[in-house]
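The report below describes selected features of one structure, moving from a pocket to sheets, a helix pair and backbone geometry.

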Amino acid sequence: MALLDELSEQEVIRRQSLDELRKLGIDPYPAAMYPVTHTTGSILSNFENLCEQQAEVCIAGRIMARRIMGSASFLELQDEKGKIQVYVKRDDICPGEDKTFYNVVFKKHLDIGDIIGVKGFIFRTQMGEESVHAREITLLSKSIRPLPIVKEKDGKVFDAVTDAELRYRQRYVDLIVNPQVREVFVKRTKIVNTMRDFFNSKGYLEVETPILQPIPGGAAARPFITHHNTLDMPLYLRIADELYLKRLIVGGFNGVYEFSRDFRNEGMDRTHNPEFTVLEIYVAYKDYFWMMDFTEEMLERVALSLHGTTAITVGDSTINFKRPFRRLTMTDAIKEYAGVDITGKTEEQLRSICKEQGIEVDETMGKGKLIDTLFGEKCEQHLVQPTFIMDYPIEMSPLCKRHRSNPELTERFELIVGGKELCNAYSELNDPIDQLERFQEQLRLSEKGDDEAMFIDMDFVRALEYGMPTCSGMGIGIDRLTMFMTNQPSIQDVILFPQMRPEKKQLKDPVEAYSQRNIPAEWVPVLQKLGYSTVVSLTNVAPGKLFNDICGYNKKNKLGLQNPSMDDVKRWVEQ
RNA sequence: CGGUUCGUAGCUCAGCUGGUAGAGCACGUGACUCUUAAUCAUGGGGUCGAGGGUUCGAGCCCCUCCGAACCGACCA
């Protein structure tokens, strides 16, 4: 009984149903497979045919609604593909004299949320609803926790579950009661599959590289750190897989790619989750111009395979992924949106330009950082349609090849969509001496206090010393891409299990802890119910109040316990 | 990290100038052989996120904490 006190009335009733079902010889969690022949989707998409032949079907799913009218009932059965109505008639599922299965098992002990199998035939009701007429119902799994009830009529949804806490912490519930959520994740997989097919069709190789890395390279970000016991050394969770994929280009692969889970120990908000998915691809003998064409083609394919069109609704705007995308150098973008020409400007001139534009600057910001900030503040937001921004300052891009005609710039592009960065790509730096110098520059930044500057990866430099072909690489955030392609406002809506703060369970002392103060076991549940979930919380409580509370609780709930004496209670609250 | 808002029954939400809580769905019992937000009758269900304070009295006012959302800061 102590355990049942924790449960809601509905949960108690469902657990009692478990016992009743077992008494009737029904296993609420049977082991045997169930011979499913159809899904709701395969029935509804071919309904007229199946209906005409009164086709026999076997379907399985979750009961989402019940409408019982005496000896006939309707169920809404939900499976992966949707919902269908099931008609249950007492004399059809209980052909003999014994009507127990319908009257007791079905009506009393099956609930919304239970998973059942239905064997029957296809028909249409007098009201015209596509239905399955049940001949046999099999309980496949009993649900003992009540589901949120969401109702629907004429496409309008009532009492939809929108509570973010419930939706993200208990995604399984979200998926059950919000069918459009499942669609988002089906589309996410379709996006990834489309990209994978595209890469494979070009002969590029999908590879796996280390997630646990001794040196977290390839990006500027704060890593998660962990420890390996046998090696007795720190290991980092990867922040990018760039350096490993380029080692593979050194090794002789022409094109390699990886859908990788990366980890960054930074802020969380609508567009950042601590773990996220990135596609990185590297192709030998190419440059960043080629990669722009490639990226366009890839995104156009994704949009077409998902929506059948390149024009996609995102929030209030329509974004068109039709090739070719606009191409703009960073200098031209700043000229266009901020109205200033940064060509040939010194650091001091750039600093005052930023100040004129109302941008906060400080002394630690170098030339590259100033330009980048200017771009971020004044330009990015205007770039709603897919736009390649090219030729970034060299300070921001330590892994990127110097621009072929301007040594202050790099051959780098980002794709901006909806005012947000979506892709990042380079003509990859393959000069080992230049690479080492750039790493050393990062080290100087780190010594100045930049905790995001890159580590020096000497093995990567060694790889470049053997010679890496010219090559272009591109990275794209799969979570953000999915947000665009499925029109979801938050990264939590495209990650099945987004990171959340852990739920805090209230601490409860065991009964034995109360015994140490000579508190009888039968009073422990009462005290805990009244909020004294630990023995310590009783210390120095006014004995009179406690005495009144517990005796009152005993009386009100008709527990029939022998009330303690006032002196007993006084001893309970003493240390 | 700062600002704003929120946390009440299994779910969605009310709750008056502070007077120990209400509705719909869900659940229990009963009725009903084509319903579909089924219907009708009836019943049960709540430490109002946690803790402290003010008060004769707190869901409501004040403080602290926990969790969430949004905006900003930081960050790719």
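The largest share of the lining of the second largest pocket, 5 residues, is supplied by H8, where helices (H or I, at least four residues) and strands (E, at least two) are DSSP runs numbered from the N terminus. Strand E1 (56–69), strand E2 (72–79), strand E6 (151–153), helix H7 (171–177) and helix H8 (179–201) each give at least two residues to this lining. A pocket here is an open set of points on a 1 Å grid over the protein atoms alone, where a 1.4 Å probe fits and where protein lies on both sides within 12 Å along at least five of seven lines; lining residues have an atom within 4 Å of a point. The space in the second largest pocket comes to about 760 Å³, a volume being the space filled by probe spheres set on the points, which are joined across faces, edges and corners. The lining has 33 residues, of which Lys83, Val150, Lys151, Glu152 and Val157 are the closest to the pocket centre. By class, 16 of the lining residues are nonpolar, 6 polar and 11 charged, with Ala, Val, Leu, Ile, Met, Phe, Trp, Tyr, Cys and Pro counted as nonpolar, Asp, Glu, Lys and Arg as charged, and the others, Gly among them, as polar.

The model is predicted, so that local features need pLDDT of at least 70 and side-chain atom pairs count only at pLDDT 80 or more, while totals for chains, interfaces and linings use all residues. Residues are numbered from 1 along each chain as its sequence is written, chains are lettered from A and ligands numbered from 1 in the order in which they are written, and side-chain values use heavy atoms, with hydrogens and water left out.

E1 and E2 also belong to a closed barrel of 5 strands, which runs E1-E2-E3-E5-E4 with mixed pairing; two strands pair if DSSP finds at least two bridges between them. From one strand to the next, the twist averages 55°. A second assembly is an open sheet of 8 strands in the order E8-E12-E13-E20-E19-E18-E17-E16, again with mixed pairing, and its edge strands, E8 (205–206) and E16, each pair on one side only. Helix H10 (residues 288–307) packs on this sheet, touching E13, E16, E17, E18, E19 and E20, and its direction makes about 35° with that of E20. One strand pair from the barrel and one from the open sheet are set out below.

| Strand pair | Sense and bridges | Facing residues |
|---|---|---|
| E4 (115–124) and E5 (130–141) | antiparallel, 10 bridges | Lys119 and Glu136 |
| E17 (387–390) and E18 (412–417) | antiparallel, 4 bridges | Thr387 and Ile416 |

H8 also meets helix H16 (residues 478–486): their axes come within 10 Å and cross at roughly 120°, axes being lines fitted to C-alpha atoms, for helices over the stretch in contact, with angles from 0 to 180 degrees between N-to-C directions. Among the residues in contact (heavy atoms within 4.5 Å) are Val184, Lys187 and Arg188 of H8, and Ile478, Asp479 and Leu481 of H16. The residues of this contact divide into 7 nonpolar, 2 polar and 3 charged.

Most residues other than glycine have a negative phi, and most peptide bonds are trans. Gln54, although not a glycine, has a positive phi of about 45°, and this residue is found in the loop between helix H3 (47–52) and E1. Asn487, likewise not a glycine, has a positive phi of about 55° and is found in the loop between H16 and helix H17 (511–515). The peptide bond from Arg323 to Pro324 is cis, with omega near -10°, and Pro324 lies in the loop between strand E15 (317–320) and strand E16 (326–329).
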